[in-house]
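Visitor: I should like to learn how strand pairing and burial are read from a model. Could you guide me through the features one at a time?

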Amino acid sequence: MTTVALALTEGMLHFELSLAIEVFGSDLTHIVDPWYDFALCGPGPVRVGRFRLEPDRGLGHLRHADTVIVPGWADVDRDPPAELVDAVRAAHEAGARVASLCTGAFVLAAAGLLDGRRATTHWAHTGELTRRHPRVTVDPDVLYVDGGSVLTSAGKAAAMDLCLHLVRLDHGSAVANTVARRLVVPPHRDGGQAQFVTTPVPAPGNHPLARLLPWALLRLDRALTVEDLAREAGMSSRHLARHFRSVTGTTPLQWLHTQRIRHAQELLETTDDTVDTIATATGMGTATTLRRHFARTVGVPPDAYRRTFRTRARPAPAPRG
């Protein structure tokens, strides 16, 4: 069982902390068993916004966890507590995977974990993170950065993107998708946080691609082109590209490629279909093409991915309430 420890001190943001508790601290053994062994770790009773929390363990327990989550740090102009910084550093040195949510990146940076690495945080604070920690390569345009043993997320809702990414790494795409459906959030969002800096997130059904995206998802087995998408959307290819960049943060073809790979992951996890069959079902054409693109995108070939995740997921009942 993977152990997850959530670092807890005064001065943290309750939204990101609550997201992590909901994902890792809930009993989701009806989705996959075992789930995570979860613990809140802090120096003592902590007030977070209007809430008072009682830690399960002290900060020293972080070094015994497989994964350490550091929630958002409320006042980025103030140095995080030395005991928190030291505990996070010690956990990483002990081999823990350390992930920060939103401005929790300032804690990781103070611990030296981001030196020489690419990282992100809330777009409103990327400049300050760069100024205070010049050895960190700050990327203001992504939803999260996976650096292997160190991961960082952008602001607020991007914390959920990173939490689901960790679930996907540990339990596979099918389980992460089931968790996302339970939480009524997208299992994966394309693009980066740059699309949210000056414009609001488009409401479902209230943007130019609201009808086109579901239409395309039902036709991934076909050799769709930009012209096909533009024709279905009733707009020019140039206008389509502009709307795709605005809504998804990427190009039409890159979005299609991402959906094909994601669909291939689900089929590898949940069916016994051959790689040839999956290649056809995802519009990749041949097993050779699927293997090449899958390995390049996911990091392992389809057969290895299936061996890792095929037996982990089991169908979950529909969520109640």
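Guide: The discussion below concerns a predicted model and takes up a strand, a helix and a single residue.

Visitor: Which residues of strand E5 are buried, and on which sides?

Guide: One reads a strand by its two faces. In E5 (residues 67-70), Thr67 and Ile69 are buried on one side, and Val68 and Val70 are buried on the other, so that both faces are covered, given that buried means under 20% relative accessible area.

Visitor: With which strand does E5 pair over four bridges, and in which sense?

Guide: Pairing is read from the bridges. E5 pairs with strand E6 (residues 97-100) in the parallel sense over four bridges, and Val70 has Ser100 as its bridge partner in E6. Strand E1 (residues 3-7) also pairs with E5 in the parallel sense, over three bridges; there Ala5 stands opposite Val68.

Visitor: What do E5, helix H2 and E6 make together?

Guide: They form a right-handed β-α-β unit, with H2 spanning residues 82-93.

Visitor: How many residues of helix H6 are buried, and what covers them?

Guide: For a helix, one counts the buried residues and then looks for their contacts. Nine of the 11 residues of H6 (residues 173-183) are buried, including Asn177 and Leu183. Among the elements covering them are helices H1 (14-24), H5 (158-171), H10 (252-270) and H13 (302-309). Just after H6, Val184 adopts a positive phi of about 60°.

Visitor: Why does Ala230 count as buried?

Guide: Ala230 counts as buried because its relative accessibility is 3%, against a cut-off of under 20%. Ala230 lies in helix H8 (residues 226-233). Leaving aside residues up to four places away in sequence, Ala230 touches Met235, Ser236, Ser237 and Leu240.

Definitions and conventions
Residues are numbered from 1 along each chain as its sequence is written. This is a predicted model: local features need pLDDT of at least 70, side-chain atom pairs count only at pLDDT 80 or more; totals for chains, interfaces and linings use all residues. Side-chain values use heavy atoms; hydrogens and water are left out. Buried means under 20% relative accessible area, exposed over 50%, partly exposed in between (1.4 Å probe, protein chains only). Helices (H or I, at least four residues) and strands (E, at least two) are DSSP runs, numbered from the N terminus. Contact means heavy atoms within 4.5 Å. Two strands pair if DSSP finds at least two bridges between them. A crossover is right-handed if, with the strands pointing away from the viewer, the path from the first strand over the helix to the second runs clockwise.
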